[in-house]
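Q: I have a two-part topic to go through today. Could you take me through it step by step?

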Amino acid sequence: MSTPVQEGRTGLSRPTLLNHNLTVSTGIGLGISMLWFSLLVLIPLSAVIAAAAAGGWTEFWRTITNEQTAAAIKLTVFSAVGVTVVNVVAGTMIAWVLVRDRFPGKGLLELIIDIPFALPTIVAGLVLLSLYGVDSPLGLNFANTGKSVFLAFLFVTLPFVVRMVQPVLEELDEDVEEAAASLGANRFTIFRRIILPSLAPAIAAGAALSFARAVGEYGSLVLLSGNLPFKSEVTSVRILSAIENDNRAGAASIATLLLVISLAVIIVLDLVQRKVARRG
Amino acid sequence: MSIEVKNINKRFGNFVALENVNVSIPTGQLTALLGPSGGGKTTLLRIIAGLESADSGSVEIEGTDATQLPVQKRNVGFVFQHYAAFKHMSVAKNIAFGLEIRKRPKDEIKDRVAELLELVHLEQFGHRLPSQLSGGQRQRMALARALAVEPSVLLLDEPFGALDAKVRKELRDWLRRLHDEVHVTTVFVTHDQEEALEVSDEIVVINEGRVEQVGSPDTLYDSPANDFVMSFLGPTTILDGTLYRPHDIDVFTHPGIEGSIPARIVRELRVGFEVRLTVELLDADHEEVTVTVTRAHQRSLGLSDGIDVWLSPTHAAAAVPVP
């Protein structure tokens, strides 16, 4: 018995830093993934950043502080943040209802949730225009206002948090909640200290997705928002008009800024999520 | 009496889980709810805890009517089969949970957690996450968590059911010793008759939603109330229209004793120190009877296949007429 153990020891004490121990199949797999990732993500992103950097820092700064652009960025980012906050609350609630409650029409609701995913965005835009446009049958006219942007974001990002949280919620053991209850915890405390930490990673992932989707949204809002400068113009429209005016560096600058903001939001969400998941 | 359960009825749809159940559970003792799966014992335990509500009937804990009290207010400790660990909290945090809910001072919580970690032999593991513990360790953590709030009763639902045989046996002995130390009124659910016989002071046998018998392990084993209790507590065999335990039947190689029944050994099966003999009666029906003898006894009498023997129940053998 003792001999194989010793052999194992020597194997472990070998300098592992130099020896990556990649088998042929892992090597090929890793290689293909990296190549794929580089072609699709890294190289295009680098190209955008390079294009933005071409004009130098002053050019970059001048582009993003252009009054009209700054207004568009402000509208987009604030709306996206707002929508993400709404989604975190409403999405978690919808997921909760879908998992924990039984009611007639549940199957139908399951199906409807995914519609904003499945719908071509321009169709969504048309739907929003006919519902909340000038001739709104509901009497709600949001056309050509900043609110229309918020509304369109809300529509297209609805499923993200729901669909991230739902499977995690389904996997939660109810006896854990019962254990907490038997120790004297009320429903709110159980949610805050037992359920929420388990859901935090899923909620954060859903929030990141919905923020990223909102920041880049175009199709669903162009019809309703009217793209009025300083009022209802979003960054994606701004980028498009920069391209149309043959201002590639400007478009790349705005794009880079959006990239940085999205990255920052993802990092912040991850930090918050870790904090919540560790608490309890 | 620490827990008084009166006239409890519970249905799940058309399924009758509990029918008119009355049980008194004595203070400071270890009581087992024993019965086959789906017999209603877990439902009864959950009703005592307040995790489930009965359709009718009442539950009294330590003299106060708890029927309408929510689980949070019953001051019971509950231990689940699958540990129900708070996965994102350390072992120490898990144990401290109930005390934090009760808003005890920080120092007091710290001392109490240290004390409990020692009690369940997890002193070295306080900072670990439950996922870094073995099943047995997790269940001990769950027990410490339940004991932390000084519950008036400790309820355990198949506490060792998810563990492998060896750990189960160790934990069983340990629970018995722990109970001798802590003396909290304890009720545990099990479908393992050996576990119930070995650990408990009192056993409540539950089958198909009804209480079949209540008594000490000795009483239940020696004077079972009916054929169900008898056969649930151990192997049985039928001789002469009566249920006996296979080791309660004497085997003779001569027709010495009056009333002994002639038979022939048709099979023998050796399991460790015991030998299970299948014996065919030499009457018209050729009924088969199982008899267990020790290996030494088998040797001294030379019992083997094809030998003619005479059977007679031992003096004062537990016996129940077959319905």
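The conversation below turns to the chain contact and then to a pair of helices.

Q: What kind of model is this, and how are things numbered?
A: This is a predicted model, in which local features need pLDDT of at least 70, side-chain atom pairs count only at pLDDT 80 or more, and totals for chains, interfaces and linings use all residues. Residues are numbered from 1 along each chain as its sequence is written, chains are lettered from A and ligands numbered from 1 in the order in which they are written, and side-chain values use heavy atoms, with hydrogens and water left out.

Q: How many residues does each chain bring to the contact?
A: Chain A gives 20 residues and chain B gives 23 residues, where contact means heavy atoms within 4.5 Å.

Q: How many salt bridges are there between chain A and chain B?
A: There are 3 salt bridges between chain A and chain B, each being a side-chain nitrogen of Lys or Arg within 4 Å of a carboxyl oxygen of Asp or Glu. One of them joins B:R46 to A:E178, with the closest N and O atoms 2.6 Å apart.

Q: New topic: which residues of helix 2 of chain B meet helix 4 of chain B?
A: In helix 2, B:V91, B:N94, B:I95 and B:L99 meet B:M141, B:A144, B:R145 and B:A148 of helix 4. Helices here are DSSP runs (H or I, at least four residues), numbered from the N terminus.

Q: And what sort of residues are they?
A: The residues of this contact divide into 6 nonpolar, 1 polar and 1 charged. Ala, Val, Leu, Ile, Met, Phe, Trp, Tyr, Cys and Pro count as nonpolar, Asp, Glu, Lys and Arg as charged, and the others, Gly among them, as polar.

How values were computed:
Helix = DSSP H or I, 4+ residues; strand = E, 2+ residues; numbered from the N terminus.
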